[in-house]
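Let's take a walk through this protein together, moving from side chains to the fold as a whole. Have a look at the chain first, and keep it in view as you read.

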Amino acid sequence: MTDQGRRWYDDEAGPLVRLYAMTSGRARSTGSETFDLMTVVHGCPRPERGPVLSPEESEIHRLCSPRPRPVADIASDAGLPLAVVRVLLGNLLGAGLVRVSPPVPAAQLPDPRILKRVIDGLRAL
């Protein structure tokens, strides 16, 4: 087999890591928590003798530590697939390094008609 047949990615791709390697072969989080796209993740202070984190877990913890962020934003900014981020968030939640707030249910959001009236009133000023 030639070198071309074995190497199917280009030089700019960098080191290639399979997604299951990042999640220890798991496709779902081990906890009971489900992470919706809009679930807000809050980073908790990391103890000095805390668990050893993977580079991806460290990056996710770093992204949500300065301020709470939705799962969708974390996945986007970390450059990781959503399924991987959900599994890694489950690890961080189990270790006590993050806490989550569920998204606001649609029934509790303001009526769009009222918001439109407010915007129209502000524009009229």
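Is Asp-120 buried, partly exposed or exposed? In this predicted model, Asp-120 counts as partly exposed, at 36% relative accessibility. Its salt-bridge partner is Lys-116, and the closest N and O atoms of the two are 3.2 Å apart. Both residues belong to helix H6, which covers residues 112–124, and they sit 4 residues apart, about one turn of the helix. Lys-116 itself counts as exposed, with 52% relative accessibility.

That pair belongs to a total of 4 salt bridges found in a search of the whole structure. Another joins the side chains of Asp-111 and Arg-113, with 2.8 Å from N to O. Here Asp-111 is partly exposed, at 28% relative accessible area, while Arg-113 reaches 61% and counts as exposed.

A further salt bridge links the side chains of Arg-69 and Asp-77, at 2.1 Å from N to O. What is the burial state of Arg-69? Arg-69 is buried, because its relative accessible area is 10%, which falls under the 20% cut-off. Asp-77, on the other side of the bridge, is partly exposed at 43% relative accessibility.

Arg-69 also leads us into the sheet, since you will find Val-41 standing opposite Arg-69 in strand S2. The strands S1 (residues 40–43) and S2 pair in the antiparallel sense over 2 bridges. Taken as a whole, the sheet is open and has 3 strands, running in the order S2-S1-S3 with antiparallel pairing. The edges are formed by S2 (69–70) and S3 (98–101), each of which pairs on one side only. Helix H3 packs on this sheet and touches S1, S2 and S3, with its direction at about 95° to that of S1.

Now for the nonpolar interior. In soluble globular proteins, nonpolar side chains tend to be buried together. The largest nonpolar core in this model has 17 residues, and those touching the most other members are Val-41, Ile-60, Val-71, Ile-74, Val-85, Leu-89 and Leu-92. At least two residues of this core come from each of helix H3 (55–64), helix H4 (71–78) and helix H5 (82–94). Which helix gives the most to the core? That is H5, with 5 residues.

Ile-74 is a good place to pause and look around. Setting aside neighbours within four places in sequence, Ile-74 is in contact with Val-41, Ile-60, Leu-63, Cys-64, Arg-69 and Val-85. Several names on that list are worth recognising: Val-41, Ile-60 and Val-85 are among the core residues that touch the most other members, and Arg-69 is the salt-bridge partner of Asp-77.

Cys-64, also in contact with Ile-74, raises the matter of disulfides. A disulfide is a covalent bond between the sulfur atoms of two cysteines. How many disulfides does the model contain? The count comes to 0. Cys-44 is in none, and the nearest cysteine sulfur to it, that of Cys-64, lies 8.3 Å away. Why is there no bond between them? The 8.3 Å from the sulfur of Cys-64 to that of Cys-44 is too far for one, because a disulfide requires the two sulfur atoms to be within 2.5 Å. Both cysteines are buried even so: Cys-44 has 18% relative accessibility, and Cys-64 has 1%.

Let's return to helix H5, where Ala-83 is found. Ala-83 is partly exposed, at 48% relative accessible area. How far in space is Ala-83 from Phe-35? Their C-alpha atoms are 9.6 Å apart, although the two residues are separated by 48 residues in sequence.

Stepping back to the whole chain, the secondary structure comes to 6 helices and 3 strands. Followed along the sequence, these elements give the pattern α-α-β-α-β-α-α-β-α. The chain has 125 residues, of which 24% are buried. Of the contacts between residues at least 6 apart in sequence, 73% join residues at least 24 apart. The pairing of S1 with S2 and the contact between Ile-74 and Val-41 are good spots to revisit in the viewer.

Terms used. Residues numbered from 1 in each chain as written. Predicted model: local features only at pLDDT ≥ 70, side-chain atom pairs only at ≥ 80, totals over all residues. Heavy atoms only, no water. Buried < 20%, exposed > 50% of the residue type's maximum accessible area, 1.4 Å probe, protein only. Core = buried A, V, L, I, M, F, W, Y, C linked by side-chain atoms within 4.5 Å. Contact = heavy atoms within 4.5 Å. Pairing = 2+ DSSP bridges. Axes fitted to C-alpha atoms, helices over the stretch in contact; angles between N-to-C directions.
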